[in-house]
Amino acid sequence: MIKARYCMCRALRCFADLKNLTKFETVVNICTTLKIFIKPKLFMKDLIFVLFGAPGSGKGYLGECIRQAFLNGNIVHENEIAYISTGDLLRQETASGSELGQEIAETMNSGGLVSDDIVDRLVADALERNHKIKFLDGYPRTLRQMGALVDMLGKRERPYTLFAVWRKAFPAVIEERVSKRRVCKDCKTTHSADDGKCPKCGGVSLIRDDDARIEQRLETYARETMPVWSVLESLAKVKYVVMEDEPVEEAVKIIFNSYVRSTFF
């Protein structure tokens, strides 16, 4: 019996390779075909990563490295990963031309701040979309938003595992890094200052408006966002702090291999 199951697993693995399935789908096929009824493990749940850190700390780059680790490991397909940024959500909703998008556009064009309720609503909708892995970048930023996230997760019908990853960085390092950061006027790609042209499309490179206020943003982060970590840390199954002097690539190996990959297989 054991030998028969082993042969079936080998056959399914070959079939998965031929069909270009991910390892997630291979495991599901094996469990279904062999009728192995096991307690759902991590690979049966959504993975939600909260990328925590000061503006300019490099948490976006950290998230991209973790995303690439999943893709390179053939754990999921690219369209099964969602990168949720509040700024992107607001821009997407505005571009959609929806009633809510028009309301957001009017608020932003008048120089006002979009309400927390609207931001919470957009984040909640994004979290419910059918992606196996989700990255939250720039949310939650306040204890009030943290409370809203707790409510969202409590209402979820789909099982999930929460990961909290904090990218620490010294203020002086952040200010130096931000001083060299540019954004393309056309394709909106963020990159380091060079000859004034975007390396992706050749468009004009500009200083981001919010980067010009980095000192004020760091003060706000220390006052309003730092307290969020203690709550986040208590809720997350996996917590990891990436220190300033720790290479991001090495941290990603630890996060992926030790905490994620070992639980998948």
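A charge is said to sit over a ring if NZ of Lys or CZ of Arg is within 6 Å of the ring centre and within 35 degrees of the ring normal. The exercises below use a predicted model.

**Exercise 1.** Find which ring the charged end of Lys168 sits over.

*Solution.* Begin at Lys168 and follow its side chain to the charged end, which sits over the ring of Trp166. The distance from that charged end to the centre of the Trp166 ring is 4.6 Å.

**Exercise 2.** Determine whether the rings of Phe49 and Phe163 are stacked or edge-to-face, and then do likewise for Phe70 and Phe256.

*Solution.* Step one: a search of the whole structure finds 9 aromatic pairs. Step two: the ring centres of Phe49 and Phe163 are 4.6 Å apart and their planes stand at 25 degrees, so this pair is stacked, given that planes under 30 degrees apart count as stacked. Phe49 belongs to strand E1 (residues 46-52) and Phe163 to strand E4 (residues 160-167), 114 residues apart in the chain, and both of these residues are buried. Step three: for Phe70 and Phe256 the centres are 5.3 Å apart and the planes are at 85 degrees, so the pair is edge-to-face, the cut-off being over 60 degrees. Because Phe70 lies in helix H3 (residues 59-72) and Phe256 in helix H11 (residues 248-264), this pair ties together parts that are 186 residues apart in sequence. Phe70 is buried, with a relative accessible area of 1%, and Phe256 is buried as well, at 8%. Step four: ring pairs link these four residues, together with Tyr83 and Phe135, into a cluster.

**Exercise 3.** Work out which strands stand at the edges of the open sheet of 5 strands.

*Solution.* First write down the strand order, E2-E3-E1-E4-E8, in which the pairing is parallel. Strand E2 (81-85) and strand E8 (238-242) each have a single partner strand, so they stand at the edges and one side of each is left without a neighbour in the sheet. From one strand to the next, the twist averages 15 degrees. Next look at E4 and E8, which pair over 5 bridges, and find Val165 opposite Tyr240 in E8. Finally, place helix H6 across E1, E2 and strand E3 (133-137), where its direction is at about 160 degrees to E3.

**Exercise 4.** Identify which helix gives the largest share of the largest nonpolar core.

*Solution.* This core has 36 residues, of which Val123, Leu127, Leu136, Leu149 and Leu232 touch the most other members. Helix H6 (residues 116-127) supplies the largest share, 6 residues. Beyond its neighbours within four places in sequence, Leu127 has contacts that include Ile48, Ile84, Leu136 and Arg156.

Note on methods. Residues numbered from 1 in each chain as written. Predicted model: local features only at pLDDT ≥ 70, side-chain atom pairs only at ≥ 80, totals over all residues. Heavy atoms only, no water. Core = buried A, V, L, I, M, F, W, Y, C linked by side-chain atoms within 4.5 Å. Buried < 20%, exposed > 50% of the residue type's maximum accessible area, 1.4 Å probe, protein only. Helix = DSSP H or I, 4+ residues; strand = E, 2+ residues; numbered from the N terminus. Contact = heavy atoms within 4.5 Å. Phe/Tyr/Trp six-rings, centres within 6.5 Å; stacked < 30°, edge-to-face > 60°. Pairing = 2+ DSSP bridges. Axes fitted to C-alpha atoms, helices over the stretch in contact; angles between N-to-C directions.
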